[in-house]
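Dear colleague,

Here is the structure for you to look over, with the sequence alongside. My notes on its helix packing and its empty spaces follow below.

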Amino acid sequence: MKLKFRIGYRTIKTAVGTALSISLAQALGLESYVSAGILTILCIQVTRKKSLRASWDRFLACILAMLFAFVFFEHIAYQPLVIGFLLLFFIPTAVLFKAQDGIVSSSVILLHIFSAGKFTTEVILNELGIITIGIGVALVMNLYMPSIKPKLDVYQEQIEEKFKVIFLEIARYLRTNELDWDGKEITEAAKLIEEAKILAFQQVENQIVKMEEIYYQYFRIREKQFEIIERVLPTITEIQHMVMQRDIIADFIDELASGINPGNSAYVYLEKLMAMKQDFQNMEMPKTREEFEARSALLHFVNEMERYLIIKSSFKGLNNKNSRKKHAPEVEIS
């Protein structure tokens, strides 16, 4: 297995932030200044929201730790046994305040106070300085997050391409009854959608102020549409009897496949689908059991395609100006 050496933006921010926080703490003459670097390492996270949460947890846990240190060390003793007794109460309290992620870093503050052997203003200011510098530098470093929109746009295009292939294969089967497609696009589409959702959620987590989760909404819609595609494929492949409705539906699916790209709107295809259903109702009744079963299965497929389009019809679209495809900037995808 070939290992790939890679230095990511988070690694760079961690390295620079740690060096900066230690340097600041040392320049201010703080005792145990390297602990500021530890706090910075712990607080730099993948997204801004996670960084804010990690910083708050550690700040709260450190303040709680100093309060517990005052109560236990000053009123009992500066003894190793007291540390264990203190932790028995401190850890559940940190969990109660939902600051459990800060237990390790706050324990460092506890040990600093224990090592000092006294609870004075000088000691408290020193620890507050370490906490402020370590957490503050991490927050500053995490202000920068590289844009992941280009990656999301690539996922959008790849998923649409998989959908297109799937629909074209469905249309081909409806016309020919030939089933030599290996179906790899099904597995690939499922994987792409899952990866895209994770990345889109990361974009949401990078927004300090709650904004419209447009990409995440888009991939959730594609996920729901994909569930319908997976559900109808067995129904289609079980249809063996050739009826004229198969060619009509195949033509519609071909057109739908060509419309899976920025610039097309779902309601247009919904109107065509409703007109097609009306035409089917006006046709002669099936004359044989085989024809009845085939037409019944095709009607089920058409109804599922209606649900497929309805899911997308309320989505206002992505403003994908950097799409590699030459389409209108307002995305309305069928």
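In what follows, a helix axis is a line fitted to the C-alpha atoms over the stretch in contact, and an angle between two axes runs from 0 to 180 degrees between N-to-C directions. Please keep in mind throughout that this is a predicted model.

Helix α10, residues 244–258, is a good place to begin, since its axis and that of α12 come within 11 Å and cross at roughly 20°. Angles under 35 degrees count as roughly parallel, and α10 is therefore roughly parallel to α12. The crossing of this pair is left-handed. On the α10 side the contact is made by Gln245, Arg246, Ile249, Phe252, Ile253 and Leu256, which meet Arg295, Leu298, Phe301, Val302, Met305, Tyr308 and Leu309 in α12. Sorted by class, the residues of this contact comprise ten nonpolar, one polar and two charged.

Helix α12 also packs with α7, residues 149–176, and here the two axes come within 14 Å and cross at roughly 160°. Because angles over 145 degrees count as roughly antiparallel, α7 and α12 are described as roughly antiparallel to each other. The crossing in which α7 passes α12 is left-handed. From α7, the residues Phe163, Phe167, Ile170 and Leu174 meet Leu298, Phe301, Met305 and Tyr308 of α12. This contact of α7 with α12 has eight nonpolar residues, with no polar and no charged ones. Leu298, Phe301, Met305 and Tyr308 of α12 meet residues of α7, and these four residues are also listed among those that α10 meets.

The helix α12 appears again in the largest pocket, whose volume is about 310 Å³. The lining of this pocket is made up of Gln245, Lys277, Phe280, Gln281, Met283, Met285, Pro286, Phe292, Arg295, Ser296, Leu298 and Leu299. Two helices, α11 (266–281) and α12 (289–313), each supply at least two residues of that lining, and α12 gives the most, with five residues. In terms of class, the lining of the largest pocket consists of seven nonpolar, three polar and two charged residues. For your own inspection, it may help to see that Gln245, Arg295 and Leu298 are among the residues that line this pocket, and that these residues also take part in the contact between α10 and α12.

Turning to the second largest pocket, its volume is about 230 Å³. The residues that line the second largest pocket are Gly29, Leu30, Glu31, Ser32, His112, Ala116, Lys118, Glu122, Val123, Asn126 and Glu127. Two or more residues of this lining come from each of α5 (103–116) and α6 (121–141), and the largest share, four residues, is given by α6. By class, the lining of the second largest pocket holds three nonpolar, four polar and four charged residues.

As for enclosed space, the structure holds one cavity of 30 Å³ or more, and the largest cavity has a volume of about 40 Å³. Ser35, Ile38, Leu39, Ser105, Val108 and Ile109 form the lining of the largest cavity, to which α2 (34–43) and α5 each supply at least two residues. That lining has four nonpolar residues and two polar ones, with no charged residues.

The helix α2 brings me to the last contact in these notes, in which the axes of α2 and helix α3, residues 48–75, come within 9 Å and cross at roughly 140°. The two helices α2 and α3 are therefore oblique to each other. Leu39, Leu42 and Cys43 of α2 meet Ser51, Ala54, Ser55 and Arg58 of α3, and the residues of this contact divide into four nonpolar, two polar and one charged. Among these residues, Leu39 is in the contact with α3 and is also one of the residues that line the largest cavity.

With best regards

Definitions and conventions: Residues numbered from 1 in each chain as written. Predicted model: local features only at pLDDT ≥ 70, side-chain atom pairs only at ≥ 80, totals over all residues. Heavy atoms only, no water. 1 Å grid on protein atoms, 1.4 Å probe; cavity = no way out; pocket = protein on both sides within 12 Å on 5 of 7 lines; lining within 4 Å. Points joined across faces, edges and corners; volume = space filled by probe spheres on them. Nonpolar A, V, L, I, M, F, W, Y, C, P; charged D, E, K, R; others polar. Parallel < 35°, antiparallel > 145°, perpendicular 65-115°, else oblique. Left-handed = near helix turned anticlockwise from the far one by under 90°. Contact = heavy atoms within 4.5 Å.
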